[in-house]
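Trainee: I would like to go through this model step by step. Where should we start?
Mentor: With the overall layout, then the local details.

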Amino acid sequence: MTGYDLVVVGGGPAGVAGALSAAQAGLRVALVDAGPRLGGQYFRHRAGSLPSGRGADRFVRQCRALRTRAELLLDHKVWAVEQGEDSVTVHVMAGQEERPFTLACRSLLIATGAHDRPLPFPGWDLPGVLTAGGAQALLKGEGVPAGRRVVVSGTGPFLLPVAAGLAKAGVSVAGVFEANGPLGLARHPLLAAGKAGEALGYGAALAGHRVPYRTRHAVVAAHGSSRVTHVTVARLDAEWRVLSSRTVECDAVAVGYGFVPQIDLAVQLGCATTHSADGSPVVDVDEGQRTSVASVYAAGEPTGVGGAELAELEGRTAGLTIAHDLASGEGGDPVPGVLRRRGERLRAFARALQEAYPVQPGWQDWLHDDTLVCRCEEVPVSRIREAMDLGATDARSIKLLARPGMGWCQGRICGYAVSCLAGERPQAPRRPIAQPITLGCLERIEDEQPH
């Protein structure tokens with residue numbers, strides 16, 4: 001007999017909703033998350049405080065209900081998963097002591113979220129240059145602003161809450177620079193209507209703090225010696241080619257060009273993948289959030305980046321489906337029609353959002369020969385181009401010849417850029433270790449005990 005009916009990996013909106021739905025149906029559930037508190041990136045908060053933002057009150061109620069119905073394993077990292085004949089084995093590293101142990105379950109729900117998708121540019125390796133999500137995590141999780149005078153740049157609506165949060169915290173936001181045009185979702189007015197109030201709220205917050213907002217502009221270079229002191233902001237054409245430029249003084253830069261779904265665990269198990277509207281590899285699921293592998297489900301950003309509301313709905317859908325499948329065998333549709341129709345609307349909005357804020361190829365013209373693409377292995381653009389001159393035709397062969405993606409992050413930061421430089425769509429990552437673990441932990445794996 002396996003230890004749990006369901007193990008959920010991820011403590012954000014999707015994971016919490018999925019775990020709670022399954023637990024309320026009578027399943028024995030364990031939820032594992034690497035963070036010290038439930039919330040994921042969207043509801044990240046400091047110790048002793050409650051999450052804030054749209055939907056926070058509902059999320060807090062869900063968390064309170066979950067604590068009495070499921071086992072929560074926080075500050076625990078899942079670094080590998082394996083499927084057996086009648087159960088899934090989840091390999092976990094616990095806390096600061098890095099104690100390895102395993103969980104066995106009849107079903108697995110992957111709700112691991114996503115991470116920032118940065119683009120390289122000259123100077124992006126300077127101290128003070130960080131991702132938009134990193135700046136938000138510092139502020140939400142630790143109450144620490146990224147700097148005193150911050151530039152926010154990239155593409156997509158996520159730039160707005162990041163800038164608004166920094167301004168509210170007393171930071172001088174020198175500007176928000178959106179690389180795409182001003183129309184955004186104007187081509188999808190019906191889909192955008194439900195989010196108009198939220199966008200207007202962020203716009204009013206920026207206006208109240210006199211934060212400039214410029215479309216068709218982006219940071220194309222950062223400058224400084226020991227840390228960033230100023231950036232080059234360029235006016236761009238529709239393909240992101242530089243038309244003109246100026247400098248802006250700052251002591252920090254927050255950049256973000258969308259998100260990369262974290263699908264490592266699903267790929268380890270052999271789940272089928274597809275590509276989302278922006279070309280990112282995502283887990284392929286059916287209407288009940290079932291993957292192609294029996295007893296394995298996925299919800300939230302791993303199935304396509306769509307925001308907290310869609311993630312919560314997919315988590316709830318997965319929880320209902322898992323309870324149904326364990327009770328009566330896989331198959332069938334236990335999801336209420338109203339829930340399914342709402343999901344279809346939210347997915348349509350997510351697709352429209354990705355189409356409205358694409359990454360255009362002109363960013364590659366921002367690079368110099370000595371611009372680092374892989375910061376872990378210090379691989380510059382020139383070495384990648386040299387690998388292509390030697391016959392490399394895709395990101396994998398470039399990796400073998402020039403070493404991008406072989407460092408600490410295993411391509412999580414540079415993988416997208418390398419694929420673009422190689423002229424191909426990003427492929428599903430194949431990493432036998434989904435989270436960084438120490439050699440000491442690997443040494444103790446022989447002593448792993450079931451939880």
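Trainee: Which domains does the domain assignment of the protein chain give?
Mentor: This is a predicted model. One domain is written as two segments, 4-115 and 260-353. The assignment gives domain 1 (4-115 + 260-353), domain 2 (120-256) and domain 3 (368-450).

Trainee: How far apart do the C-alpha centres of domain 1 and domain 2 lie?
Mentor: Domain 1 covers 4-115 + 260-353, and domain 2 covers 120-256. Between their C-alpha centres the distance is 30 Å.

Trainee: From which domains does the lining of the second largest pocket draw at least three residues each?
Mentor: The lining has 30 residues, with Q427, A428, P429, R430 and R431 nearest the centre of the pocket. Two or more residues come from each of β16 (259-261), α11 (395-402) and α12 (415-422). At least three residues come from each of domain 1 and domain 3.

Trainee: How many charged residues are in the lining of the second largest pocket?
Mentor: The space in this pocket is about 780 Å³. By class, its lining holds 13 nonpolar and 9 polar residues. The charged residues number 8.

Trainee: What end-to-end C-alpha distance should helix α1 (residues 13-24) span?
Mentor: The helix has 12 residues, and the rise is 1.5 Å a residue. The expected span uses one less than the number of residues. The end C-alpha atoms of α1 are 16 Å apart, which agrees with the expected 16 Å.

Trainee: How many residues of α1 are buried?
Mentor: Buried means under 20% relative accessible area. Among the residues of α1 that meet this are P13, V16, L20 and A23. The helix is mostly covered, and the buried count is 11 of its 12 residues.

Trainee: In which sense do β12 (residues 217-224) and β13 (residues 228-236) pair?
Mentor: The two strands form a hairpin with 3 residues between them. In this pair A218 stands opposite A234 in β13. Over 7 bridges, the sense is antiparallel.

Trainee: Which residue in the turn between β13 and β14 has a positive phi?
Mentor: Strand β14 (residues 242-249) pairs with β13 in the antiparallel sense over 7 bridges, and V231 has V248 in β14 as its bridge partner. The hairpin of β13 and β14 has 5 residues between the strands. Most residues other than glycine have a negative phi. The residue with a phi of about 75° in this turn is W240.

Trainee: Is S295 buried, partly exposed or exposed?
Mentor: S295 is found in the loop between β18 (281-283) and β19 (296-298). Its phi is positive, about 75°, although S295 is not a glycine. Buried would need under 20% and exposed over 50%. With a relative accessible area of 22%, S295 is partly exposed.

Trainee: What is the relative accessibility of R403?
Mentor: R403 lies in the loop between α11 and α12. R403 is not a glycine, yet has a positive phi of about 75°. R403 counts as partly exposed because its relative accessibility is 40%.

Trainee: Is A167 buried or exposed?
Mentor: A167 has its place in helix α4 (residues 159-168). Its C-alpha atom is separated by 16 Å from that of G141, 26 residues apart along the chain. The cut-off for buried is under 20%. The relative accessible area of A167 is 4%, so A167 is buried.

Terms used:
Residues are numbered from 1 along each chain as its sequence is written. This is a predicted model: local features need pLDDT of at least 70, side-chain atom pairs count only at pLDDT 80 or more; totals for chains, interfaces and linings use all residues. Side-chain values use heavy atoms; hydrogens and water are left out. On a 1 Å grid over the protein atoms alone, a cavity is a set of points where a 1.4 Å probe fits but cannot get out, and a pocket is an open set with protein on both sides within 12 Å along at least five of seven lines; lining residues have an atom within 4 Å of a point. Grid points are joined across faces, edges and corners, and a volume is the space filled by probe spheres set on the points. Helices (H or I, at least four residues) and strands (E, at least two) are DSSP runs, numbered from the N terminus. Ala, Val, Leu, Ile, Met, Phe, Trp, Tyr, Cys and Pro count as nonpolar, Asp, Glu, Lys and Arg as charged, and the others, Gly among them, as polar. Domain bounds come from an automatic or database domain assignment. Two strands pair if DSSP finds at least two bridges between them. Buried means under 20% relative accessible area, exposed over 50%, partly exposed in between (1.4 Å probe, protein chains only).
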